[in-house]
Amino acid sequence: FNLYMAQSLPQVEIVSATVAQLPGMAADSATHEMTVTVRNSGLLPTALQQARRIKIVRPDRVVARAAPGSSARVIGRPPEFWLDGGETQVVKVRLRAGSSAADHRLIVRLESTRGGVAEQEVTW
């Protein structure tokens, strides 16, 4: 029973992360959109309905951190959501990046109170 319960706990992961220039922007525009696909590979959700209702558990969120020496930054607040057991979700984050090579490298971090933390480096 204990082994089954441990394998059922929420476990978050980043499936893929890509960055693309927003359509309709000029070729030299610095506004991009990052598409991050996240998954909870566990059977249990990252927050039970009762925990959501009384706000015991923080929502899951995707945060992007720029490399040292980079002027890239996220525009707006990080998206917040909850993942059910076995659910995959696509999250979009807007960012502003310059033209240097250091500006085209980010560390994407998926943070979940009960599901853990997952990180992935993204370059474009």
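Arg61 is partly exposed, with a relative accessible area of 31%, where buried stands for under 20% relative accessible area, exposed for over 50% and partly exposed for what lies in between (1.4 Å probe, protein chains only). This residue belongs to a predicted model, in which local features need pLDDT of at least 70 and side-chain atom pairs count only at pLDDT 80 or more, while totals for chains, interfaces and linings use all residues. Residues are numbered from 1 along each chain as its sequence is written, and side-chain values use heavy atoms, with hydrogens and water left out.

**Salt bridges**

Salt bridges that share partners join Arg61, Arg65, Arg109, Glu111 and Glu119 into one network, a salt bridge being a side-chain nitrogen of Lys or Arg within 4 Å of a carboxyl oxygen of Asp or Glu. The whole structure holds nine salt bridges, and the table gives some of them.

| Pair | N to O distance |
|---|---|
| Glu111 and Arg61 | 3.1 Å |
| Arg52 and Asp84 | 3.3 Å |
| Arg94 and Glu33 | 3.8 Å |

Arg52 lies in helix H2 (residues 49–53) and Asp84 in the loop between S5 and S6, so their salt bridge ties together parts that are 32 residues apart in sequence; helices (H or I, at least four residues) and strands (E, at least two) are DSSP runs, numbered from the N terminus. Arg52 is buried at 19% relative accessible area, whereas Asp84 is partly exposed at 38%. Glu111 in strand S7 and Arg61 in strand S3 are 50 residues apart in sequence, and Glu111 is partly exposed, with a relative accessible area of 22%. The pair of Arg94 in strand S6 and Glu33 in strand S2 links distant parts of the chain, 61 residues apart, and Arg94 counts as partly exposed at 44% relative accessibility.

**Sheets**

One open sheet has four strands in the order S5-S3-S7-S8 with antiparallel pairing, two strands being paired if DSSP finds at least two bridges between them. Strand S5 (80–81) and strand S8 (116–123) stand at the edges with a single partner strand each, so one side of each is left without a neighbour in the sheet. Strand S3 (residues 60–66) is joined to S5 by two bridges, and Asp60 has Phe81 in S5 as its bridge partner.

Another open sheet, likewise of four strands and antiparallel in its pairing, follows the order S1-S2-S6-S4, with S1 and strand S4 (73–74) at its edges. Nine bridges join S1 to S2, and the bridge partner of Gln21 in S2 is His32. Thr37 is placed in strand S2 (residues 31–40) and counts as buried at 15% relative accessibility.

**Core and surface**

The largest nonpolar core has 21 residues, and those with the most contacts inside it include Met34, Val36, Phe81 and Leu110; such a core is a set of buried Ala, Val, Leu, Ile, Met, Phe, Trp, Tyr and Cys residues joined through side-chain atoms within 4.5 Å. S1 gives the most to this core, with four residues. Leaving aside residues up to four places away in sequence, Phe81 touches, among others, Val38, Val62 and Leu110, where contact means heavy atoms within 4.5 Å.

At the surface, Phe1, Met5 and Leu9 form a nonpolar patch with about 340 Å² of accessible area together. Patches are made of residues with over 30% relative accessible area and no salt bridge, with like charges joined within 9 Å and nonpolar side chains (Val, Leu, Ile, Met, Phe, Trp, Tyr) within 5 Å; accessible areas come from the Shrake-Rupley method with a 1.4 Å probe, and for residues only the protein chains shown count as cover. Phe1 lies in the segment before helix H1 (2–8) and is exposed, with a relative accessible area of 75%.
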